[in-house]
Every structure is written in structure tokens, then in C-alpha cells.
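Me: I would like to work through this structure with you, one question at a time. Please reason briefly before giving each answer.

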Amino acid sequence: MSLARNLNRALTVTTGLQVRRAPRAANGSPRGRQGRKSAAAQPAARRAAPYRCPSAGELSTDRLLRRPVFIISSIRSGSTLLRMMMGAHPRLHAPHELHVGKVEVACTTWHSERAMGELGLLRGDLEHLLWDRVLHRELIRSGKDFVVEKTPANAYMYQRLKDCWPDARFVFLLRHPESIARSWHESDPVKRPHDTAVTDVLRYMTAVQEARSADADGFTVRYEDITGDPEREMRRLCAYLGVDYTPRMLNYGKKGNAELVRGLGDWRENIRTGTVQPGRELPGKDEVPERLRPMCAAWGYPS
């Protein structure tokens with residue numbers, strides 16, 4: 001047995017710690033401050049975990065949750081309004097943003113990693129089991145039939161959500177790109193000048209469009225259509241989900257605002273009224289930044 005393994009065995013028994021070789025940067029030197037900063041700049045790469053996709057025959061044992069619904073949208077697109085409307089349906093449970101993609105699992109010892117490996121469970125598989133259990137717990141507590149999840153970061157993890165739940169359904173929520181950017185800028189004008197807001201939301205919108213292009217079976221709805229004719233759009237959405245339409249979706253506030261959690265979705269007065277409020281007018285063509293024009297074209301908005 002190597003010296004390193006003997007040392008780690010002794011350390012594990014006495015302190016619970018182990019010695020690991022320092023990760024190396026691209027130039028071969030151990031990673032210091034600069035390496036950590038680089039990792040922080042690319043959180044998706046740091047969070048990536050190996051996993052396998054369950055086959056159709058494994059779903060009954062690997063997943064408790066069936067046919068979950070995920071809203072895929074940019075920030076400031078009206079996703080809180082949509083999830084409140086959906087949550088007012090007697091068969092749809094739409095909790096606050098859950099951010100399950102940020103919930104990670106780690107095997108802290110060689111023994112636990114090997115034990116899970118012998119079960120055919122990689123780190124990503126363990127995360128999927130945990131995510132599934134969390135959402136299923138929420139659904140069971142609600143007494144409803146289907147769970148709806150709307151965390152904006154879902155836009156960046158569409159493929160992983162689909163791999164975790166092969167029977168998942170996706171609702172793509174669009175809004176005029178300049179309206180998104182303007183709303184994001186107005187939420188903190190000092191911290192986010194308009195040009196910075198455009199950069200921020202363009203990343204989200206690009207991810208939404210990539211996911212939308214990859215999913216031929218998904219459902220697309222526009223924020224402007226929801227606020228313009230909410231009954232028509234909810235009827236369309238209910239038909240897609242295979243549930244009956246109910247007028248309760250238009251007066252979601254009658255349930256009370258317990259589902260609104262500050263910091264986990266929109267908290268502005270419009271959303272707390274409990275009814276669908278008119279949306280702002282579409283931006284004029286001369287108000288649309290050049291960088292947003294291709295996305296406007298892709299989503300069918302005048303630019």
C-alpha cells in the first residue's frame with residue numbers, strides 16, 4: 001500500500017480529513033488565486049457531474065416524480081405570474097423557485113464513492129435522486145397531480161433536466177427582448193446600466209432559444225399574450241398539459257399570497273394584486289439595441 005494511502009487512512013480515522021493532490025492549472029502549476037477565480041467565472045463547468053440517463057424500464061425505480069413541468073425563460077419574463085396562474089389550477093402545484101440545480105451531492109470518502117459506484121450511481125445520479133425526492137415531496141404535500149418549477153436558471157440546464165426526467169414537459173415563456181432588458185435595468189438602475197442589463201439578459205435568452213430549438217414537443221407562450229388575453233393562453237396551456245381549464249387561473253390571488261416568497265421570484269405590486277395586469281407597450285423599433293435584434297427576429301417580435 002502506498003505511503004499516501006496509509007497516510008490518508010490514518011488521517012481519516014483520527015481527523016476525518018484526507019490529503020489530495022492540488023489541482024493544476026493549464027500551465028501545469030498548482031492552482032492558486034488565479035485558478036480559483038477562473039473556476040468561479042465558469043460555475044457551470046465546476047458544477048458538472050457525471051451521470052447516466054435512466055432507461056424507460058428504469059423510470060419506475062429511479063424516479064418518484066412523473067411528468068414534471070418546467071418553465072424555461074429569461075429573468076424578467078413574467079415567469080412568476082405564469083407559475084402563480086398555473087399554481088391556482090387544482091391539479092398543478094407550482095412552488096416558489098427551488099433552484100434544485102444548485103443542490104449538489106458529494107462523496108466525501110473513497111469508500112462512499114466506491115460504494116455508490118458499485119450500485120451504478122455516479123455523483124450526478126445521486127444529485128438526480130435528491131432533486132427527484134425534493135420535488136416529489138413538494139408534490140405529495142400539495143395533494144395535486146403535477147409539479148411546475150420555474151427557476152430562471154432552468155434555461156441553462158434544460159438538457160440535464162430532460163436527462164433527469166425523460167418524461168418532463170417544458171413551457172417556453174418568451175417576452176420582447178428589449179422589455180426584458182428594460183425591466184432588468186429598472187430593477188436596479190445604478191447597479192445595472194441598460195447596456196449591462198442587455199448583456200445579462202442576452203445570456204438567458206440565448207439559452208432559452210437553444211433549449212426551445214432542441215425541443216420539438218415543448219409549448220411556447222408569450223408574456224404579452226398572457227397579459228393581453230389570459231383566458232385564451234391558459235386554455236392553450238391546459239390543453240398542452242392535458243388538464244381541464246379553470247377560471248381560477250385568472251384570479252390566482254384568491255388563494256392568498258402564501259406562495260410568494262421574497263427573493264425567490266417577483267415581489268412587485270403587480271404580481272401581488274392576485275390578478276393579471278396589463279403589460280407594458282412593446283418597444284418601438286428605434287428603441288431596440290442592435291445586439292437584441294437577432295433575438296427579436298428569432299422570437300417573432302418587430303425589431
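Reply: Gladly; please keep in mind throughout that this is a predicted model.

Me: In what order do the 5 strands of the open sheet stand?

Reply: The pairing in this open sheet is parallel. β2 (92-93) and β5 (219-222) stand at its edges, each with a single partner strand, so one side of each is left without a neighbour in the sheet. Read across from one edge, the order is β2-β3-β1-β4-β5.

Me: Which residue of β3 is the bridge partner of Leu92?

Reply: The strands concerned are β2 and β3 (residues 146-149), which pair in the parallel sense over 2 bridges. Within that pairing, the residue of β3 that serves as bridge partner to Leu92 is Phe146.

Me: Which strands of the sheet does α10 touch where it packs on the sheet?

Reply: Helix α5 (residues 79-87) also packs on the sheet, where it touches β1, β2, β3, β4 and β5 and runs at about 155° to the direction of β1. Helix α10, whose direction makes about 135° with that of β4, packs on the sheet by touching β1, β4 and β5.

Me: How far does helix α10 reach from its first C-alpha to its last?

Reply: The helix covers residues 194-214, which is 21 residues. At 1.5 Å a residue the expected reach is 30 Å, and the model comes close to that figure, with a C-alpha to C-alpha reach of 30 Å.

Me: What covers the buried residues of α10?

Reply: The buried residues of this helix include Ala197, Val198, Asp200, Val201, Tyr204 and Met205, with Ala207, Val208, Gln209 and Ala211 also among them. Thr199, which is found in the helix too, counts as partly exposed because its relative accessibility is 30%. Among the elements that cover the buried residues of α10 are β1 (69-72), α8 (158-164), β4 (169-174), α9 (177-186) and α14 (293-298).

Me: Which side chain of opposite charge is nearest to Asp125, and how far away is it?

Reply: Asp125 lies in helix α7 (residues 123-142), and it is buried yet has no salt bridge. Leaving out residues up to four places away in sequence, Asp125 touches Pro50, Tyr51, Arg52 and Gly120. A salt bridge requires a side-chain nitrogen within 4 Å of a carboxyl oxygen, and the nearest side chain of opposite charge to Asp125 is Arg52, at 4.1 Å.

Me: How far apart are the closest N and O atoms in the salt bridge between Glu178 and Arg182?

Reply: Because they are 4 residues apart in helix α9, Glu178 and Arg182 are separated by about one helical turn. Glu178 is buried, and Arg182 is buried as well. The closest N and O atoms of this salt bridge are 3.3 Å apart.

Me: Which residues are joined with Glu233 into one network of salt bridges?

Reply: Glu233 counts as buried because its relative accessibility is 2%, and its side chain meets that of Arg232 in a salt bridge of 2.7 Å, N to O. Glu233 also forms a salt bridge with Arg236, at 2.5 Å, N to O, and these two residues, being 3 apart in helix α12 (residues 230-241), are separated by about one helical turn. Both arginine partners count as partly exposed, Arg232 at 40% relative accessibility and Arg236 with a relative accessible area of 37%. Through shared salt-bridge partners, Glu233 is joined into one network with Asp225, Asp229, Arg232 and Arg236.

Me: With which residues is Pro302 in contact, leaving aside its neighbours within four places in sequence?

Reply: Pro302 is found in the segment after α14 and is partly exposed, with a relative accessible area of 42%. Its C-alpha atom is separated by 8.9 Å from that of Pro283, which is 19 residues away along the chain. Once neighbours within four places in sequence are set aside, the contacts of Pro302 are His176 and Lys285.

Me: What is the phi of Arg76?

Reply: Most residues other than glycine have a negative phi. Arg67, in the loop between α4 (59-62) and β1, nevertheless has a positive phi of about 50°. Arg76 is placed in the loop between β1 and α5 and is partly exposed, with a relative accessible area of 21%. Although Arg76 is not a glycine, its phi is positive, at about 60°.

How values were computed: Residues numbered from 1 in each chain as written. Predicted model: local features only at pLDDT ≥ 70, side-chain atom pairs only at ≥ 80, totals over all residues. Heavy atoms only, no water. Expected span 1.5 Å × (residues − 1). Buried < 20%, exposed > 50% of the residue type's maximum accessible area, 1.4 Å probe, protein only. Contact = heavy atoms within 4.5 Å. Lys, Arg positive; Asp, Glu negative; His and termini not counted. Pairing = 2+ DSSP bridges. Axes fitted to C-alpha atoms, helices over the stretch in contact; angles between N-to-C directions.
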